[in-house]
Amino acid sequence: MLSLSSSLVSFGGIAKPVSAPISLKCQYNPLRTTINNPSDSMASSVAPKWAQKTVTLPPQRRGCHLVTSKIVKEIGQEMAGFKCGLAHLFLQHTSASLTINENYDSDVRDDTETFLNRVVPEGISAPWKHTLEGPDDMPAHIKSSMFGCTLTIPITDGKLNMGTWQGIWLCEHRDAATPRRIVITLNGM
Amino acid sequence: MLSLSSSLVSFGGIAKPVSAPISLKCQYNPLRTTINNPSDSMASSVAPKWAQKTVTLPPQRRGCHLVTSKIVKEIGQEMAGFKCGLAHLFLQHTSASLTINENYDSDVRDDTETFLNRVVPEGISAPWKHTLEGPDDMPAHIKSSMFGCTLTIPITDGKLNMGTWQGIWLCEHRDAATPRRIVITLNGM
Amino acid sequence: MLSLSSSLVSFGGIAKPVSAPISLKCQYNPLRTTINNPSDSMASSVAPKWAQKTVTLPPQRRGCHLVTSKIVKEIGQEMAGFKCGLAHLFLQHTSASLTINENYDSDVRDDTETFLNRVVPEGISAPWKHTLEGPDDMPAHIKSSMFGCTLTIPITDGKLNMGTWQGIWLCEHRDAATPRRIVITLNGM
């Protein structure tokens, strides 16, 4: 029923015989290279690397916010050193969320907030036991698990390899928001 | 309240003293090994590796589709070289999603599509501002964030280490679908 | 609209000139170090490492369960060897889920279960075709995709780097639960 075609650009690493149409964008096995040429700076540049950073975003109003450029500003310089890898974002909170969605029309973000408020009851009619932290707190916890607090995004040629219309959203689910911390971990070669 | 039992098969890597019942399926620290034996091909085979590929799936009808075998066909040969690692899938779109669910009864996929259409309003009664791209577009964005566009799956002994009944689903949320691109990143040893 | 401030503690690895305010918590490029000093035990300790383990949790009653301490008990000793990395959890089932949410008030877990049972119809009024495995099975599949079966959590200085109020939840969506297997993969330096 399904058939697949591959989008293929091979750009380096250890050459292995691969039958068409399998061709990899990155394929690195650095040790063979670096052990043969320990002083080769190219070899060093494709060694496995890790970087980790905690970014704090200031309080946002309740709703969905596009934060791609702010995230890239924080990690872009470091990310430029990765030919191939993964960027992991981890929001250290339980009443906000991270998701990937449209980066263009702000109505999409507004409509998503409308949806969340419709699907998760809030106020007098809501069935929650956990109400001590305010009527918006328990709905915020539920929304956080619906969208999640973690994202992993591929890095290719030093940049986040997202689709044309994709962006990173921080969704704030509390009325009185606090600063939000995101632990960003880069891993690759 | 909870107690845990571990399923343990140790199969190589650097031996470290670990107290029972902690025993790891894979435990590698390749540099010590490879630097001691730079010409050892076994050592090279457990060096850290990265591979990345973009796969394009042809347009699918709206609904949930089991795509495990198609994905494995694209990455299986490469994945066979990984004793231990992670496979990361990233869908580059905001109106479709990736999820893991049952791989057997197609009714589960149909019922999931039924659920999504019930929980996210569509058409005249829907409250969306973003309607320029058609009545199914805003619901598609919401469904994409509900299920997400990324998956990370463990690799063990060269294969995806999913449960017996698990499969990879591509959920198409648009009526008039376009081809869908998935960036697949393999990382391991 | 947004502004960012970074929380920055640099603690080692290869020194690279980075302009303020970009400063990384971990930044390792182990090959340069280890190849220059193959017998340096410090260098070895920051080499890339992988560990993988399958943990089996005993049957839980339907609902949301805080399992952080049980998970940490299983991987804590191994994780202590990672200065910087990621812990990946993969639940090998399609009728339960993993999520991160509040670790304190058990009412939050109860209310989340209440929400899931409200948003996913179950019983005579439910529209499901897939009913052979019981009235709670199809709702369980849907809930599994809503919250997801995978989590990736940063490791910093040998510990899970979650927020103060975050915990790992196993959400059991079946009435008659079975043991649940989680494949845990650690990757870092």
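In this predicted model, Cys84(B) has a relative accessibility of 0%, so this cysteine counts as buried. Cys84(C) is likewise buried, at a relative accessible area of 0%. Readers who look for sulfur bridges in the structure will find 0 disulfides over all chains.

Chain A offers a good place to follow how strands come together. Here 3 strands form an open sheet in the order β4-β9-β6, with antiparallel pairing. At the edges of this sheet lie β4 (63–66) and β6 (96–102) of chain A, each of which pairs on one side only. On average, neighbouring strands of the sheet are turned by 35 degrees against each other, direction ignored. The pairing of β6(A) with β9 (residues 166–172) of chain A is antiparallel and extends over 7 bridges. Within this pairing, Ser97(A) has Cys171(A) in β9(A) as its bridge partner. Helix α4 (residues 106–119) of chain A lies across β4, β6 and β9 of that chain, and runs at about 150 degrees to β4(A).

Turning to the backbone, most residues other than glycine have a negative phi. Asp157(A), however, has a positive phi, near 50 degrees. This residue sits in the loop that links β7 (150–156) and β8 (159–160) of chain A. With a relative accessible area of 43%, which falls between the 20% limit for buried and the 50% limit for exposed, Asp157(A) is therefore partly exposed. In chain B, Asp157(B) also has a positive phi, near 55 degrees, and is found in the loop between β7 (150–156) and β8 (159–160) of chain B. Asp157(B) is partly exposed because its relative accessible area is 42%.

Note on methods
Residues are numbered from 1 along each chain as its sequence is written. Chains are lettered from A and ligands numbered from 1 in the order in which they are written. This is a predicted model: local features need pLDDT of at least 70, side-chain atom pairs count only at pLDDT 80 or more; totals for chains, interfaces and linings use all residues. Side-chain values use heavy atoms; hydrogens and water are left out. Two strands pair if DSSP finds at least two bridges between them. Helices (H or I, at least four residues) and strands (E, at least two) are DSSP runs, numbered from the N terminus. Axes are lines fitted to C-alpha atoms, for helices over the stretch in contact, and angles run from 0 to 180 degrees between N-to-C directions. Contact means heavy atoms within 4.5 Å. A disulfide is a pair of cysteine sulfur atoms within 2.5 Å. Buried means under 20% relative accessible area, exposed over 50%, partly exposed in between (1.4 Å probe, protein chains only).
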